[in-house]
Amino acid sequence: MKLKIMLLIVMLLITFSVKAQVKTSQNPNQFIEKYDSISLILMEEYNIPRSIILGISMHESGYGTSKLSINKHNYFGIKKGNYYREYNNDLESFYDFCKLLSKKEYYNYLINNNIIDYKIWINEIRKKGYSEDTNWSIKVLHYINKYKLYDKDDNCKVIQLDSIS
């Protein structure tokens, strides 16, 4: 628990210090390094593979260089009605994405069946209409494979939701 709190504080400090910097110079490796800790915390809290969190955010935000991620801290293209949601900081966007996924029917299917395979996760998310882009899953899989984000899933421990009291 103390580790989670410490990591959250570090991420918030990074988020606020980077806010003043120009994000358009961020490259994929910097993006992965910057959000690696938060993906670990979210994987532990929501049991969503880190490759999914990082891969989707890389694609949707253009490594954090899109106008949406810069101006609204929205790294996942999440909408509220007809408008893109605006977040106070990057961390809030990552948490909201995981919270959103955890409310989907396919999430329970994936968790209850101990599925951590990123390809199956992407397919389930795609089938339920996360994006209107018909090539969305191919693009996200490209990021996961190119940067070997699947290696970060090795520590993914999926627990049974129905075993939690």
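Residues are called buried here when their relative accessible area is under 20%. The structure is a predicted model, and the protein chain has an average pLDDT of 85, with 78% of the residues scoring at least 70. Eight helices and two strands make up the secondary structure of the protein chain. Along the sequence, these elements follow the pattern α-α-α-α-β-β-α-α-α-α. Of the 165 residues in the protein chain, 43% are buried. Among contacts with a separation of 6 or more, 62% join residues that are 24 or more positions apart.

Two segments have low confidence. In residues 16-23, pLDDT stays under 50, and the model has twelve contacts beyond four places in sequence for this segment. Residues 158-165 also have a pLDDT that stays under 50, with 16 contacts beyond four places in sequence. Predicted coordinates should not be read in detail where pLDDT is low.

Helix H5 covers residues 90-102 and contains 13 residues. Its first and last C-alpha atoms are 19 Å apart, close to the 18 Å expected at 1.5 Å a residue. The buried residues of H5 are Asp90, Leu91, Ser93, Phe94, Tyr95, Asp96, Phe97, Cys98 and Leu101. The N-terminal end of H5 is capped by Asn89, which places a side-chain oxygen 3.1 Å from the backbone nitrogen of Leu91. Asn89 itself belongs to the loop between strand E2 (83-84) and H5. With a relative accessible area of 11%, Asn89 falls under the 20% limit and is therefore buried.

Helix H3 (residues 50-61) has twelve residues, for which a span of 16 Å is expected at 1.5 Å a residue; the end C-alpha atoms are 16 Å apart, in agreement with this value. Eleven of the twelve residues are buried, so H3 is largely enclosed by the rest of the structure. The buried set consists of Arg50, Ser51, Ile52, Ile53, Leu54, Gly55, Ile56, Ser57, Met58, His59 and Ser61. The elements that cover these residues include helix H2 (28-46), helix H4 (67-72), H5, helix H7 (118-127) and helix H8 (136-146). Just after H3, Gly62 adopts a positive phi of about 60 degrees.

The loop between H2 and H3 contains Asn47 and Ile48. Asn47 has a positive phi of about 60 degrees although it is not a glycine, and its relative accessibility of 5% places Asn47 among the buried residues. Ile48 is also buried, with a relative accessible area of 0%. Beyond four places in sequence, Ile48 touches Leu42, Met43, Ile53, Cys98, Leu101, Tyr107 and Trp121. Of these contacts, Ile53 is one of the buried residues of H3, while Cys98 and Leu101 are among the buried residues of H5. The C-alpha atoms of Ile48 and Tyr118 are separated by 9.3 Å, although the two residues are 70 residues apart along the chain.

A positive phi is also found at His73, which is not a glycine and has a value of about 55 degrees. His73 lies in the loop between H4 and strand E1 (79-80). The relative accessible area of His73 is 7%, so this residue is buried.

Aromatic contacts were also examined. A search of the whole structure finds 13 aromatic pairs. In one of them, the ring centres of Tyr63 and Tyr143 are 5.6 Å apart and the planes stand at 85 degrees, so the pair is edge-to-face. The pair links distant parts of the chain, with Tyr63 in the loop between H3 and H4 and Tyr143 in helix H8, 80 residues apart. Both partners are buried: the relative accessible area is 19% for Tyr63 and 14% for Tyr143.

Ring pairs also join Phe31, Tyr35, Tyr75, Phe76, Phe94, Phe97, Tyr130 and Trp136 into a cluster. Two members of this cluster, Phe94 and Phe97, are listed among the buried residues of H5. Elsewhere, Lys79 lies over the face of Tyr84, at 5.1 Å from the ring centre.

Key. Residues numbered from 1 in each chain as written. Heavy atoms only, no water. Helix = DSSP H or I, 4+ residues; strand = E, 2+ residues; numbered from the N terminus. Expected span 1.5 Å × (residues − 1). Buried < 20%, exposed > 50% of the residue type's maximum accessible area, 1.4 Å probe, protein only. Polar contact = N/O pair within 3.5 Å; in protein donor to acceptor, adjacent residues only side chain to side chain. Contact = heavy atoms within 4.5 Å. pLDDT = per-residue confidence, 0-100. Phe/Tyr/Trp six-rings, centres within 6.5 Å; stacked < 30°, edge-to-face > 60°. Lys NZ or Arg CZ within 6 Å of the ring centre and 35° of its normal.
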